[in-house]
Structure formats: structure tokens, C-alpha cells
Amino acid sequence: MPTGPGRPQSPPASHSSPRPSPPTACRRPRVWTVARRPGKIGLVSEPRTITDPADPRLADYTGLTDVELRRRREPAEGLFIAEGEKVVRRALAAGYRMRSMLLTPKWLDVMSDVIEAAEAPVHVVEPGLAEAVTGYHVHRGALASMERKPLPEAAELLADARRVAVLEGLVDHTNLGAIFRSAAALGMDAVLLSPDCADPLYRRAVKVSMGAVFAVPYARLDPWPAALDTVRAAGFQLLALTPAESAADLAEVAPHRMPKAALMLGAEGDGLTRRALDVADRWVRIPMAHGVDSLNVGAAAAVAFYAVSATP
Ligand SMILES: C[S@@+](CC[C@H](N)C(=O)[O-])C[C@H]1O[C@@H](n2cnc3c(N)ncnc32)[C@H](O)[C@@H]1O
């Protein structure tokens with residue numbers, strides 16, 4: 001591997017003296033080098049310090065707080081942003097290709113193995129410049145711009161699945177991320193999204209899910225709600241989760257006994273639309289106490305996922 005002044009150095013062989021601090025600046029001009037590592041020959045980039053917020057190499061990271069802009073830009077440009085060490089590592093482990101990484105100097109050491117393996121540019125910026133570019137104080141000073149993969153068809157995911165979540169109109173990235181996290185933790189096989197659901201790879205959803213959006217496969221169901229027929233045709237019972245009094249108690253419905261169950265969840269506010277409720281095989285309710293009329297959709301999803309995954 002190259003050992004220029006811009007690359008974090010290995011600890012001394014004796015390990016008796018303290019590990020040297022990571023470099024805070026990378027002064028060599030940007031060069032691509034060929035690295036030879038056991039079992040691997042490829043192009044790698046050394047970290048390069050950038051001091052101009054208008055540098056075009058930082059384009060993927062501009063205006064991260066402008067939700068509307070990013071919602072349009074990221075899918076159109078085929079990218080998404082992974083934020084924080086764990087999330088970046090999980091995205092890579094899930095096979096997403098890195099376009100570039102942006103680090104503040106103190107993260108060079110923590111991310112040294114990722115940098116070494118990276119086949120994409122690694123940009124080093126001071127915290128103030130990171131804030132000027134992204135629009136917020138980047139607490140977890142490691143961001144990566146990742147390349148999206150093509151989404152699978154719903155039918156493809158349903159072929160091997162037994163438990164799926166079907167989300168309608170979920171536009172809140174926090175709720176979406178929380179649902180993916182529960183879906184992963186509680187063993188759901190896939191998440192299917194109505195066309196108007198938010199993007200699971202939007203930064204906030206990725207962050208709240210702690211990278212679970214990379215672990216649970218998802219697809220869009222389009223046209224909506226007609227495409228729910230695809231789910232039924234694959235052998236699934238469509239269970240509409242609703243707080244309506246007329247719905248059957250979740251415990252009585254016992255979804256864990258069903259060979260294949262699809263749990264439909266609606267958005268905060270309006271819940272599942274009448275059209276979606278009409279397509280469902282059954283309406284299912286989590287009983288409420290103390291006069292509470294409904295659960296947050298993320299909480300309802302976690303309860304339902306647990307109920308469907310319980311061993312009979
Ligand atoms: C905040 S609720 C929406 C409330 C809305 N007023 C309604 O009647 O559906 C958001 C979603 O969470 C799920 N949910 C919330 N509380 C529930 C409960 N007690 N039983 C079943 N599902 C529930 C439903 O899927 C619902 O669409």
C-alpha cells in the first residue's frame with residue numbers, strides 16, 4: 001500500500017510508544033496510485049485535504065439539510081449519503097459501492113481500514129468546512145457518498161418471503177427508518193412501499209435505521225393499491241393494521257400461525273386509505289388502554305412484527 005504523507009501511518013513495530021496522532025492535513029497533490037495487497041490489485045486514492053467549500057469534488061455533499069433538493073437529486077444522480085462510522089461500514093458490507101468519502105481529520109485513524117480498502121476518493125475537511133458544505137454540524141465526522149443499486153421487483157422479493165411489511169404513504173423519514181430497524185431486528189423478510197412512500201435511502205432514514213435499510217430488501221408496489229394483488233397471488237394474507245374498533249384483535253388473528261403474512265401499515269394522521277383497507281383480507285387491531293386512540297406507526301409496526309414472528 002502507498003505510504004505517502006497523506007496516508008495515516010501504521011503503528012511502530014514495537015507497539016511500546018504511543019500511537020502517533022493522525023495527520024490533520026494531506027499536502028500531496030491528488031494522485032491515483034496502484035495498490036498491491038494480498039489477493040487484491042486495484043486503484044486506491046489517498047486522503048486529500050480540501051479547503052475550498054466550492055470544490056467540485058464536494059458536490060455530492062452540498063446542501064444536505066435541504067430535504068426537497070436532496071429528495072430530487074439523490075435518486076436522479078443514483079447516490080445516497082451514509083453518515084457515521086457504523087452506517088458507512090454497514091453500507092459497504094451490504095455491497096454498496098462508495099463514490100467518495102468525506103472525513104474530518106480526527107476520523108482518519110478510526111476509518112483507516114476503510115480508507116485503505118476504498119477505491120474512491122477520500123476527502124479530508126476541517127469541521128467548519130464540513131458544516132459550510134453540508135449545512136449542518138457533522139457530529140459523526142464521517143460521511144460517504146454511495147452508489148444506489150437497482151431496486152428489485154416486488155414479485156422477486158415475495159418469492160422467498162414469509163413475512164413482509166407493506167407501507168402506505170409513509171413520508172416521514174424518521175418513522176420509515178424506525179420501521180426498517182424493527183423489521184430487521186424482528187426478522188421480517190422484506191418491506192414493500194406504496195409509490196408515495198419516502199425514500200429509505202434518504203440520509204435521515206438511513207441514520208435512524210442504523211443501516212437496517214441495507215439489511216432488509218425492499219421494493220415499490222406500483223400501481224397502488226392494485227399491485228397488492230401481486231402480494232396475495234404470492235400466497236400472503238393481507239392484514240391491515242388499523243386502530244378501528246371494528247378490527248379483530250391482533251392476538252386473536254394470530255398472524256404467527258399463518259404460512260405467509262403481509263402486515264399493512266398506514267401513515268401518521270390519516271392511516272391506511274379506504275382503498276387499501278378495502279383490498280385487505282382482514283383488519284387487525286392492537287388493543288389500546290388509557291383512552292389512547294392509536295400508536296405511532298413505528299411502535300405499531302414493532303408490535304405487529306413481533307406478533308408475526310413469535311413461535312407458535
Ligand atoms: C397514527 S396511526 C394512524 C391513525 C389514524 N387515525 C387511523 O385511524 O388509522 C398510523 C398507523 O399505525 C398503525 N396503528 C396505530 N395504532 C394502531 C393500533 N392500535 N392497532 C393497529 N394498528 C395501529 C396503523 O397501521 C395506522 O395506519
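Begin by selecting strand S13, residues 261-265, where 5 of the 5 residues are buried, so that this strand is largely enclosed by the rest of the structure. What you have open is a predicted model, and S13 is a convenient place from which to explore it.

Show the side chains of S13, and you will find that Ala 261, Leu 263 and Leu 265 point one way while Ala 262 and Met 264 point the other way, all of them buried. In a regular strand, side chains alternate between the two faces of the sheet.

**The neighbours of S13**

Which strands pair with S13 in the parallel sense? One of them is S8, residues 163-167, which is joined to S13 over 5 bridges in the parallel sense, and here Ala 165 stands opposite Leu 263. Another is S11, residues 237-241, which pairs with S13 in the parallel sense over 4 bridges. Within that pairing, the bridge partner of Gln 237 is Ala 261, and Leu 239 has Leu 263 as its bridge partner.

Keep S11 selected for a moment, since 4 of its 5 residues are buried, and it is therefore largely enclosed by the rest of the structure. S11 is also joined to strand S14, residues 282-285, by 3 bridges, and these two strands run parallel; in this pairing, Leu 241 stands opposite Val 284.

**The whole sheet**

Now widen the selection to the open sheet of 7 strands, which has the order S10-S9-S8-S13-S11-S14-S12 and parallel pairing. At its edges stand strand S10 (218-220) and strand S12 (248-249), each with a single partner strand, so one side of each is left without a neighbour in the sheet. To look at the S10 edge, select strand S9, residues 190-193, which pairs with S10 in the parallel sense over 3 bridges, and note that Val 191 stands opposite Tyr 218 in S10.

**The helix across the sheet**

Next select helix H12, residues 297-309, which has 13 residues and reaches 18 Å from its first C-alpha to its last, close to the 18 Å expected at 1.5 Å a residue. H12 lies across S8, S11 and S13, and it runs at about 170° to S13.

Which residues of H12 are buried? They are Val 297, Gly 298, Ala 300, Ala 301, Ala 304, Phe 305, Ala 307 and Val 308. An α-helix has 3.6 residues a turn, so residues three or four places apart point the same way. The cover over the buried residues of H12 includes S8, S11 and S13, together with helix H7 (173-185) and helix H10 (250-253).

**The ligand**

Turn now to the ligand and display the residues around it, of which there are 15, with Leu 241, Gly 266, Gly 271, Ser 294 and Ala 300 coming nearest. Two of these names have already appeared on the tour, as Leu 241 stands opposite Val 284 in S14 and Ala 300 is among the buried residues of H12. Taken together, the residues of the shell around the ligand divide into 9 nonpolar, 4 polar and 2 charged.

**A second sheet**

Move on to another open sheet, in which 5 strands follow the order S3-S6-S5-S7-S4 with mixed pairing. Its edge strands are S3 and strand S4 (79-83), each of which pairs on one side only. Inside this order, select strand S5, residues 98-103, and strand S7, residues 142-147, which run antiparallel and are joined by 5 bridges; there, Ser 100 stands opposite Ser 145 in S7.

**A buried residue in a loop**

Then select Leu 64, whose place is in the loop between strand S3 (48-49) and helix H1 (67-77). Is Leu 64 buried or exposed? With 21 C-beta neighbours inside 10 Å, Leu 64 counts as buried, because the cut-off for a buried residue is 20 or more. Leaving aside residues up to four places away in sequence, Leu 64 touches Arg 70, Ile 81, Thr 134, Gly 135, Tyr 136 and Arg 203. Add Val 133 to the selection as well: Leu 64 and Val 133 are 69 residues apart in sequence, and 8.2 Å apart in space from C-alpha to C-alpha.

**Stepping back**

Finally, return to the full protein chain, which has 12 helices and 14 strands. Of its 312 residues, 44% count as buried, and among contacts between residues at least 6 apart in sequence, 78% join residues at least 24 apart.

Definitions and conventions: Residues numbered from 1 in each chain as written. Predicted model: local features only at pLDDT ≥ 70, side-chain atom pairs only at ≥ 80, totals over all residues. Near = placed C-beta within 6 Å. Nonpolar A, V, L, I, M, F, W, Y, C, P; charged D, E, K, R; others polar. Expected span 1.5 Å × (residues − 1). Buried ≥ 20, exposed ≤ 12 C-beta atoms within 10 Å, placed from the backbone. Contact = placed C-beta atoms within 7 Å. Pairing = 2+ DSSP bridges. Axes fitted to C-alpha atoms, helices over the stretch in contact; angles between N-to-C directions.
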